[in-house]
Protein chains: 2
Amino acid sequence: MNIILASTSTLFGGEYLEYLKAELIELYKGIDEIIFIPFARPGGISHEEYTEKAKSFFKTINISVKGLHEFEDKTEALNSAKGYFTGGGNTFLLVKTLHEENLMSVLKQNVEKGKAYLGCSAGSNIGGQNMKTTNDMPIVYPPSFDCMGLVPFNINPHYLDPNPDLKHNGETRETRIKEFLTQNNTKVIGLREGNWIRRVGSTITVEGSESTRIFEQGKEPYEIEAGSRL
Amino acid sequence: MNIILASTSTLFGGEYLEYLKAELIELYKGIDEIIFIPFARPGGISHEEYTEKAKSFFKTINISVKGLHEFEDKTEALNSAKGYFTGGGNTFLLVKTLHEENLMSVLKQNVEKGKAYLGCSAGSNIGGQNMKTTNDMPIVYPPSFDCMGLVPFNINPHYLDPNPDLKHNGETRETRIKEFLTQNNTKVIGLREGNWIRRVGSTITVEGSESTRIFEQGKEPYEIEAGSRL
């Protein structure tokens, strides 16, 4: 496999995908066209506008982009594509759309064959075992929470450390992930903004500017450095 | 109906349910025993310990508490009870448990007949039309997101204003609720900590120390003061 699962598309104060540019040139080496999957986007901008945003970044690295929503036969479009990028938004909406159109398994099979895949945020969640560690609001009801399982764990994108100054009783991210572990025996990667997971063949590493917090059943959460294998 | 749906059980720096004490004396007037529904609690403390916590508060207002988990026949326990309190935790776990044991509709029917109901956080979410505006992580997959609909809107408990200092690209609460409204035409009450919804008969008001933010499809979000009718 040849995949990047990134915490976020955009760093605070940065431009769309800019911080990943060198990595994406490597990921998509030899490919001049990819399919963009815009289905996580619930509002604000349309699938067309969202695809335009991806197009204008990928133009800078000489890759053309087609939105999956443009195709009549989406299964055929996925099967014919050379690479993929799933953008962020709402994971519930993304997973519902992919399952209802029977595209989750088609995408999985293609990526498992070695086609390049980039996911950001919700697009990274679907690379995990299931979407049970998304941060998103359940605005629609998907027929299943199962995802592609491109990696043998779950991802929590936009991982955020507790803020000791916050006078608020909502759960911290760490508390939420520990709650997940009371119900599921699946490792969770708390991926801070600036970090991504890289899989090349069977080697999986965590990369980026921050350390990464790992949560496992029956263990205290721990930190690993960029470059560590997962 | 006679209900309170509160944003939180505990104010920052306060004691469990303390800020609601006068309201709860009024809510449960004439009642000396209630059923506590502990099913939202995924970890940390057991159903027994969680029920003990509720018991020790309610002792101070001369109400005894039984945990619903203690009963063999939970439907019968709900039908025989004089009042209810559903505690906070994880809304997905609470809704899954109530649907799987066919208790959501039993509880709804009893509360609609006029029996007193208190919900905090996840316990308030289930008073709304559905759980699609919870803040919780989807750690389990419920058979449905539908809730009791004791009020003709949805609740977002622990409503939190955007923090302009946060250098982070995760969605704000306001963005999440606006995303909900792209997919659902249901009013959402952004209930800040310190506030609660009170329903007496057919009159529904919002009460507490803060103003309340209302979200409706096709409108800018707006604020209403404590005491306003909903």
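## A tour of the two chains

Start by selecting A:L17, which sits in the loop between β1 (2-6) and α1 (21-27) of chain A. This is a predicted model, so treat each stop below as a feature of a prediction. Colour A:L17 by accessibility and it comes out as buried, with a relative accessible area of 0%. Its backbone is the reason for the stop: phi of A:L17 is near 65°, a positive value in a residue other than glycine. Most residues other than glycine have a negative phi.

Now go to chain B and pick B:H158, a second residue with this feature. B:H158 is not a glycine, yet its phi is positive, about 50°. Where A:L17 is found in a loop, B:H158 has its place in strand β6 of chain B. B:H158 counts as buried, at 6% relative accessibility.

**Aromatic rings**

Next, show the side chains of Phe, Tyr and Trp. Over all chains, the structure holds 22 aromatic pairs. One of them joins A:Y141 and B:F145, an edge-to-face pair with 4.6 Å from centre to centre and 80° between the planes. This pair crosses between chains: A:Y141 is in the loop between α6 (122-125) and β6 (154-159) of chain A, and B:F145 is in the loop between α6 (122-125) and β6 (154-159) of chain B. How exposed or buried are the two rings' residues? A:Y141 is partly exposed, at a relative accessible area of 24%, whereas B:F145 is buried, at 2%.

Stay in chain B and select B:Y28 with B:F58. The ring centres of B:Y28 and B:F58 are 5.7 Å apart and the planes stand at 75°, so this pair is edge-to-face. B:Y28 belongs to the loop between α1 (21-27) and β2 (33-37) of chain B and B:F58 to helix α2 (residues 47-59) of chain B, so the pair ties together parts 30 residues apart in sequence. Both ends are shielded: B:Y28 is buried with a relative accessible area of 2%, and B:F58 is buried with 0%.

For a group of rings, turn to chain A and select A:Y28, A:F36, A:Y50, A:F57, A:F58 and A:F85. These residues form one aromatic cluster.

Two rings of chain B have a charged side chain over the face. Select B:Y50 and look for B:R41, which lies over the face of B:Y50 at 4.2 Å from the ring centre. Then select B:Y16, where B:K53 lies over the face of the ring, 4.5 Å from its centre.

**Where the chains meet**

Show both chains and mark the contact between them. It takes 44 residues from chain A and 44 residues from chain B. The two chains bury about 3,600 Å² between them, 60% of it on carbon and sulfur atoms. Between chain B and chain A there are 13 residue pairs in polar contact, with both residues at pLDDT 80 or more. On the side of chain B that touches chain A, α4 (91-100), β6 and α7 (173-183) of chain B each supply at least two residues. Which element gives the most to that side? Select α7(B), which gives the most, with 7 residues.

The rule finds 2 salt bridges across this interface. One of them joins A:R176 to B:D136, with the closest N and O atoms 3.6 Å apart. Follow B:D136 from the loop between α6 and β6 of chain B to A:R176 in helix α7 (residues 173-183) of chain A. B:D136 is buried, with a relative accessible area of 9%, and A:R176 is buried, with 12%.

**Salt bridges within the chains**

Keep A:R176 selected and add A:E171. Their side chains meet in a salt bridge, at 3.7 Å from N to O. A:E171 is partly exposed, with a relative accessible area of 21%. Over all chains, a search of the whole structure finds 30 salt bridges.

Move to B:R213 and B:E174, whose side chains meet in a salt bridge at 3.0 Å, N to O. B:R213 lies in strand β10 (residues 212-215) of chain B and B:E174 in helix α7 of chain B, so the pair ties together parts that are 39 residues apart in sequence. B:R213 is buried, and so is B:E174.

For the last stop, return to chain A and select A:D161, A:E174, A:K178, A:R192, A:R213 and A:E223. Salt bridges with shared partners join these residues into one network.

Note on methods
Residues numbered from 1 in each chain as written. Chains lettered and ligands numbered in written order. Predicted model: local features only at pLDDT ≥ 70, side-chain atom pairs only at ≥ 80, totals over all residues. Heavy atoms only, no water. Phe/Tyr/Trp six-rings, centres within 6.5 Å; stacked < 30°, edge-to-face > 60°. Helix = DSSP H or I, 4+ residues; strand = E, 2+ residues; numbered from the N terminus. Buried < 20%, exposed > 50% of the residue type's maximum accessible area, 1.4 Å probe, protein only. Lys NZ or Arg CZ within 6 Å of the ring centre and 35° of its normal. Contact = heavy atoms within 4.5 Å. Buried area = accessible area lost by both parts, 1.4 Å probe. Salt bridge = Lys/Arg side-chain N within 4 Å of Asp/Glu carboxyl O. Polar contact = N/O pair within 3.5 Å; in protein donor to acceptor, adjacent residues only side chain to side chain.
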